Amino acid sequence: MARKPSTRVVLNRAALNTVDLATAEGLEEVVRTVVETARPPDAPPYGQGLPAHGGWLVYAGAKKVGGGSLDGRQPKKPRGFRVQGSRTLQAIAGFSFPGRFQESGTAKMAANPFLTPAASATVPHAPSIMKPAVQRRLR
Amino acid sequence: MIDLSGKILIEIRDDAGVSAWLGADATRVRVQEAKPATETDEGDVRESGSFVRFIVISPLSTPRDRRVPIQRPTYAINVFGLSPKDAMAGYVEVSDALHRGGVRMVGSGASRVGIWNSWDDSGATPEADPDTGQPFVTLVASFIATDQSVAS
């Protein structure tokens, strides 16, 4: 069952100024689009494989200001993802553990990349993806 | 559009540092997948205790710039070593080879392309292969290159 966003996210969003929040929401639309357009390889039992669990996170400085996943849960921040600075907006998108082996391959399995192509296809359109979210916040 | 995979394989394979790290296995640089075992060759993938060093280059994405003949491909490069420390040593050599490249022309004839730059875009940490347990590291390599041939 999907969990609601944590209260910590709401509190941190309130601390941001309007322009930063608008930009963060636009950025979240971009990473959400990357995850939603990615087509991870599936395997039996179809639709239940872990690579299907994609998610995204948005940070303003060290504060989490957005996030979500395909199954509605809030993903945890990966340990390798460093958040720092007070004026930096960062967003990441990814799929859960087995996804990286599909993306880059293993000793016995050729790579079957799905996330990088989705990111490459989405990033050139980032301004038009961000625009509605930014306009909604700044109107 | 010209595929850079083979050219990158040759560049990495022929790099002095990478070649020294690979040692007797200096030709074990592959594109897409490791060499499978045959009747006369055990291939790249071995069981624990008889690991060999090898490198696999996998294209991730090849976006093109609009209106100009430029491509910005990214590759996942898996560096398989004998131990986690050994895999990291191989990673350092591959990363250095990418950074040393700089502006250059590669290939010849109709497949001669210009590479503006190449770099290690990810860094890496060692981990174990899920099938064999062989230590390896994955790095993401990025390139800016022409997507059409360039006359000499």
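**Entry 1: ground rules**

I call two residues in contact if their C-beta atoms, placed from the backbone, lie within 7 Å. I am reading a predicted model, where local features need pLDDT of at least 70, side-chain atom pairs count only at pLDDT 80 or more, and totals for chains, interfaces and linings use all residues. Residues are numbered from 1 along each chain as its sequence is written, and chains are lettered from A and ligands numbered from 1 in the order in which they are written.

**Entry 2: where the chains touch**

How many residues does each chain give to the contact? I find 13 residues from chain A and 19 residues from chain B. On the side of chain A that touches chain B, helix H3 (98–104) and helix H4 (115–122) are the elements that give two or more residues. Helices (H or I, at least four residues) and strands (E, at least two) are DSSP runs, numbered from the N terminus. That side of chain A divides into six nonpolar, five polar and two charged residues. Here Ala, Val, Leu, Ile, Met, Phe, Trp, Tyr, Cys and Pro count as nonpolar, Asp, Glu, Lys and Arg as charged, and the others, Gly among them, as polar.

**Entry 3: the sheet of chain A**

I looked up an open sheet of three strands in chain A, and its order is E2-E1-E3, with antiparallel pairing. Two strands pair if DSSP finds at least two bridges between them. Strand E2 (63–69) and strand E3 (89–95) of chain A are the edges, each pairing on one side only. Neighbouring strands are turned by 15° against each other on average, direction ignored. Axes are lines fitted to C-alpha atoms, for helices over the stretch in contact, and angles run from 0 to 180 degrees between N-to-C directions. Strand E1 (residues 54–60) of chain A is joined to E3(A) by seven bridges. In E3(A), Phe95(A) is the bridge partner of Gly54(A). Helix H2 (residues 18–37) of chain A packs on this sheet and touches E1, E2 and E3 of chain A. The direction of H2(A) makes about 160° with that of E1(A).

**Entry 4: Val35(A)**

Val35(A) lies in helix H2 of chain A. Is Val35(A) buried or exposed? It has 22 C-beta neighbours inside 10 Å, so it counts as buried. The cut-offs are 20 or more other C-beta atoms within 10 Å for buried, 12 or fewer for exposed, and in between for partly exposed, with C-beta atoms placed from the backbone. Beyond its neighbours within four places in sequence, Val35(A) is in contact with residues including Gly54(A), Trp56(A) and Ala93(A).

**Entry 5: inside chain B**

In helix H1 (residues 5–14) of chain B, I find Ile8(B), Glu11(B) and Ile12(B) buried. They cover an arc of only 90° around the axis, which puts them on the same side of H1(B). The arc is that of the directions from the helix axis to the C-beta atoms.

Strand E2 (54–61) of chain B is among the elements they pack against. Six of the eight residues of E2(B) are buried, so this strand is largely enclosed by the rest of the structure. E2(B) runs parallel to E1(B), with three bridges, and antiparallel to E4(B), with seven bridges. Val31(B) stands opposite Ile57(B) in E2(B), and Val56(B) stands opposite Asn78(B) in E4(B).
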